[in-house]
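Hi,

Here is the structure I promised to pass on. Have a look at it first, and then read my notes below.

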Amino acid sequence: QVQLVESGGGLVQAGGSLRLSCAASGLTFSSHAEGWFRQAPGKEREFVAAIDWSGSSTYYADSVKGRFTISRDNAKNTMYLQMNSLKPEDTAVYYCAATSLWPTGWNPRVTGGYAFWGQGTQVAVSS
């Protein structure tokens, strides 16, 4: 029933920008925290950014802080990841994820903190 669908990936040049979207259905969107993770070829899935239920708190990996911005529009059931100053090392499949309803002891930086996942969208950054 719960579905998360990413969009907005593509091929961009280094230094360029891209905005990813994650459209959610089958859940009360404002009751779930959300996050973005990415997985590059040959590497483990890693944390990128997260946002709490209301959008009042955000979290970022050190590697993207200052370049990426996470946001959400609860009226549209959509989360966004604005990516600026892209680098080749940002190349990966990007996944959006949502927590279960009001999880206890939520750690936004670990995959185990999320109950629902999208299918992923490819981001490729050329030098």
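**A buried histidine**

His-32 is buried, with a relative accessible area of 7% (buried means under 20% relative accessible area, exposed over 50%, and partly exposed in between, using a 1.4 Å probe and protein chains only). Before going further, some housekeeping: this is a predicted model, in which local features need pLDDT of at least 70 and side-chain atom pairs count only at pLDDT 80 or more, while totals for chains, interfaces and linings use all residues. Residues are numbered from 1 along each chain as its sequence is written, and side-chain values use heavy atoms, with hydrogens and water left out.

Back to His-32, which you'll find in the loop between strand 3 and strand 4. Strands here are DSSP runs (E, at least two residues), numbered from the N terminus. A polar atom of the His-32 side chain lies 2.6 Å from the backbone oxygen of Thr-99. Leaving out residues up to four places away in sequence, His-32 touches Leu-27, Trp-53, Arg-72, Thr-99, Ser-100, Leu-101 and Phe-116 (contact means heavy atoms within 4.5 Å).

**An acid without a partner**

Arg-72 turns up again beside Asp-52, a residue in the loop between strand 5 and strand 6 (58-60). Not counting residues up to four places away in sequence, Asp-52 touches Ala-33, Ser-57, Arg-72 and Trp-106. Which side chain of opposite charge is nearest to Asp-52? That is Arg-72, 5.8 Å away, and Asp-52 is buried yet has no salt bridge. For charge, Lys and Arg count as positive and Asp and Glu as negative, while His and the chain ends are not counted. A salt bridge needs a side-chain nitrogen of Lys or Arg within 4 Å of a carboxyl oxygen of Asp or Glu.

**Salt bridges that do form**

How many salt bridges does a search of the whole structure find? It finds 4. Arg-38 is a good place to start: this residue is buried, with a relative accessible area of 6%. Arg-38 pairs with Asp-90, the closest N and O atoms being 2.9 Å apart. Asp-90 sits in the loop between strand 8 and strand 9 and Arg-38 in strand 4, so the pair ties together parts that are 52 residues apart in sequence. Both Asp-90 and Arg-38 are buried.

Arg-38 also forms a salt bridge with Glu-46, where the closest N and O atoms are 2.7 Å apart. Glu-46 counts as partly exposed, at 30% relative accessibility.

Then there is Asp-62 with Lys-65, a salt bridge whose closest N and O atoms are 3.9 Å apart. Here Asp-62 is exposed, with a relative accessible area of 69%, and Lys-65 is exposed too, at 51%. Elsewhere, salt bridges that share partners join Arg-38, Glu-46, Arg-67 and Asp-90 into one network.

**The disulfide**

The structure holds 1 disulfide (a pair of cysteine sulfur atoms within 2.5 Å). Cys-22 is joined to Cys-96, with an S to S distance of 2.1 Å. This pair links distant parts of the chain, as Cys-22 is in strand 3 and Cys-96 in strand 9, 74 residues apart. The torsion about their S-S bond is about 60°, so the disulfide is right-handed. Are these cysteines buried or exposed? Both Cys-22 and Cys-96 are buried.

**The core**

The largest nonpolar core has 36 residues, and Trp-36, Leu-81, Met-83 and Tyr-94 have the most contacts inside it. By nonpolar core I mean a set of buried Ala, Val, Leu, Ile, Met, Phe, Trp, Tyr and Cys residues joined through side-chain atoms within 4.5 Å. Among the elements giving two or more residues to this core are strand 3 (18-25), strand 4 (34-39), strand 8 (78-83) and strand 9 (92-98). Leaving aside neighbours within four places in sequence, the contacts of Leu-81 include Leu-20, Trp-36, Val-48, Phe-68, Ile-70 and Tyr-94.

**Loops with something to check**

Most residues other than glycine have a negative phi. Asn-77, in the loop between strand 7 and strand 8, has a positive phi near 55°. Asn-77 is partly exposed, at 28% relative accessibility. Ser-85, in the loop between strand 8 and strand 9, has a positive phi near 50°. Ser-85 is partly exposed as well, at 42% relative accessibility.

Cheers

Technical notes:
Helix = DSSP H or I, 4+ residues; strand = E, 2+ residues; numbered from the N terminus. Polar contact = N/O pair within 3.5 Å; in protein donor to acceptor, adjacent residues only side chain to side chain.
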